[in-house]
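Me: Please take a close look at one part of this model, the largest pocket and its lining, and set it beside the second largest pocket. Which element supplies the largest share of the lining of the largest pocket?

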Amino acid sequence: MTISKNGFRLILGALIIMEVADGFLTNALIRLDIASEANPVMVGLAGKSSFPIFKFAGVLLAVIILWDIHRRHPRMAFWTALAFLIAYTGIVTWNARLLIMG
């Protein structure tokens with residue numbers, strides 16, 4: 001299977017969108033006292049206006065690392081990025097459901 005650079009870019013772009021969406025949804029859920037942050041590193045930032053910015057910075061760093069890995073090991077980078085995209089799509093779906101059913 002050949003992975004095109006454009007296809008990989010689309011996956012990375014979607015990963016960025018899902019991570020930032022997770023940041024905004026998590027913030028809303030915490031502010032509404034519906035949920036709490038499970039990541040002990042981020043728990044102090046969750047619920048604050050800077051939280052989505054930190055989420056964006058983290059995913060940007062991850063995307064840069066994945067792009068670097070992609071140059072030498074494209075299949076590994078592709079499957080890793082796809083796995084994280086699937087995981088974050090599930091998290092965003094779960095959080096959106098919590099917010100709607102709130």
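Reply: In this predicted model, α3 gives the largest share of the lining of the largest pocket, namely 5 residues. Both α1 and α3 (74-101) contribute at least two residues each to this lining. The pocket encloses about 250 Å³ of space. Its lining comprises 15 residues, and those nearest the centre are Asp22, Thr26, Glu37, Ala38 and Ile91. By character, the lining residues of the largest pocket separate into 8 nonpolar, 4 polar and 3 charged.

Ala38 merits separate attention. This residue belongs to the loop between α1 (5-31) and α2 (51-72). Ala38 is classed as exposed because its relative accessibility is 75%, with the cut-off for that class set at over 50%. Between the C-alpha atoms of Ala38 and Trp67 the separation is 27 Å, while the two residues are 29 residues apart along the chain.

The second largest pocket has a volume of about 200 Å³. Leu15, Glu19, Phe54, Lys55, Gly58 and Val59 are among the residues that line the second largest pocket, as are Ala62, Ile65, Leu66, Thr80, Phe84 and Tyr88. Two or more residues of this lining come from each of α1, α2 and α3. Here the largest share belongs to α2, with 7 residues. The lining of the second largest pocket divides into 8 nonpolar, 2 polar and 2 charged residues.

Note on methods:
Residues numbered from 1 in each chain as written. Predicted model: local features only at pLDDT ≥ 70, side-chain atom pairs only at ≥ 80, totals over all residues. Heavy atoms only, no water. Helix = DSSP H or I, 4+ residues; strand = E, 2+ residues; numbered from the N terminus. Buried < 20%, exposed > 50% of the residue type's maximum accessible area, 1.4 Å probe, protein only. 1 Å grid on protein atoms, 1.4 Å probe; cavity = no way out; pocket = protein on both sides within 12 Å on 5 of 7 lines; lining within 4 Å. Points joined across faces, edges and corners; volume = space filled by probe spheres on them. Nonpolar A, V, L, I, M, F, W, Y, C, P; charged D, E, K, R; others polar.
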